[in-house]
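Subject: Structure handover, with notes on what was found

Dear colleague,

I am passing on the structure below, together with some notes that I hope will help you find your way around it. Please keep it open while you read, so that each remark can be checked by eye.

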Amino acid sequence: MGDAPRYGQDGPGPSAFSTARARLAADRADTLARAAALSRDFDGIVAANALVAVDDEHDPEGGTTAFERAHVAALMAQTREHLEELDRALERLERGQYGQCEGCGAAIPPERLEVRPAATTCVRCAGSDPRRA
């Protein structure tokens with residue numbers, strides 16, 4: 001941790017660090033639960049299809065099954081990405097860089113971090129690059 005100031009040292013009080021850590025941990029726990037549920041859903045779709053001879057090209061239900069499988073797989077990928085974002089945010093918190101905009105270096109408003117705990121940019125920078133919102 002070194003000499004880097006911790007999140008919230010200059011702000012409303014030392015509890016900002018603890019609050020940020022708790023918020024990130026809660027979001028991570030929710031995301032892990034969502035990942036487990038999606039994994040069960042995906043396994044259920046695959047298992048249900050293994051019990052029947054499905055020909056996606058000719059079976060009227062085949063397209064629906066393929067869509068469901070692809071949809072759940074996409075949600076699983078988004079969930080994994082969010083977990084990685086949360087892990088990076090926890091690392092920034094430990095280094096004393098949490099809450100600092102990667103675009104302009106300004107402080108990210110606490111209200112934004114409350115809504116998006118893994119945010120890496122302030123609202124202004126996020127607005128200028130939609131991929132960073």
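A helix here is a DSSP run of H or I at least four residues long, and helices are numbered from the N terminus. In that sense R28 is found in helix α1, and I will come back to this residue once the overall picture is in place.

Please bear in mind that this is a predicted model. The mean pLDDT of the protein chain is 84, and 77% of its residues reach 70 or more. Over residues 1-5, however, the pLDDT is below 50, and this stretch has 5 contacts in the model beyond near neighbours in sequence. Where pLDDT is low, the predicted coordinates should not be read in detail.

**The chain as a whole**

The protein chain has 4 helices and 0 strands, which gives the pattern α-α-α-α when read along the sequence. Of its 133 residues, 28% count as buried, while the chain exposes about 8500 Å², with carbon and sulfur atoms supplying 55% of that area. Among contacts between residues at least 6 apart in sequence, 54% join residues at least 24 apart.

**Helices α1 and α2**

Helix α1 has 36 residues, which at 1.5 Å a residue should span 52 Å, and the C-alpha atoms at its ends are indeed 52 Å apart, so the expected and modelled values agree. The buried residues of this helix are A16, F17, A20, L24, D27, T31, L38, I45 and N49. When you look at that list, it may help to remember that an α-helix has 3.6 residues a turn, so residues three or four places apart point the same way.

To return to R28, this residue counts as partly exposed, at 26% relative accessibility. Leaving aside its neighbours within four places in sequence, R28 is in contact with L83, L86, D87 and L90. R28 and H82 are 54 residues apart in sequence, yet their C-alpha atoms are 8.5 Å apart in space.

Two residues of helix α2, which covers residues 62-95, are worth comparing with this. T65 lies in α2 and is buried, with a relative accessible area of 11%; beyond its neighbours within four places in sequence, T65 is in contact with I45 and N49, both of which are among the buried residues of α1. L75 also belongs to α2, but L75 is partly exposed, with a relative accessible area of 29%. Its C-alpha atom is 8.5 Å from that of A35, although L75 and A35 are 40 residues apart in sequence.

**The nonpolar core**

Which residues touch the most other members of the largest nonpolar core? Of the 14 residues in this core, they are L24, A89, L93, Y98, C101 and L113, and α1 and α2 each supply at least two residues of the core.

**The loop after α2, and the cysteines**

Q97 has its place in the loop between α2 and α3, where at 36% relative accessibility Q97 counts as partly exposed. Q97 and A107 are 10 residues apart in sequence and 9.7 Å apart in space, taken from C-alpha to C-alpha.

How many disulfides does the structure hold? The count is 0, and C101 shows how this comes about: the nearest cysteine sulfur, that of C125, is 3.6 Å away, whereas a disulfide needs a pair of cysteine sulfur atoms within 2.5 Å. C122 is likewise in no disulfide, with the sulfur of C125 as its nearest cysteine sulfur, 3.7 Å away.

Are these cysteines buried or exposed? C101 is buried, with a relative accessible area of 3%, C122 is buried at 8%, and C125, which is found in helix α4, counts as buried at 11%. Apart from neighbours within four places in sequence, C101 is in contact with A106, I108, T120, T121, C122 and C125, while C125 is in contact with C101, G103 and C104. The C-alpha atoms of C125 and C101, which are 24 residues apart along the chain, are separated by 8.0 Å.

With best wishes

Terms used: Residues numbered from 1 in each chain as written. Predicted model: local features only at pLDDT ≥ 70, side-chain atom pairs only at ≥ 80, totals over all residues. Heavy atoms only, no water. Buried < 20%, exposed > 50% of the residue type's maximum accessible area, 1.4 Å probe, protein only. Core = buried A, V, L, I, M, F, W, Y, C linked by side-chain atoms within 4.5 Å. Contact = heavy atoms within 4.5 Å. Areas by Shrake-Rupley, 256 points an atom, 1.4 Å probe, with all protein chains shown as cover. Expected span 1.5 Å × (residues − 1). pLDDT = per-residue confidence, 0-100.
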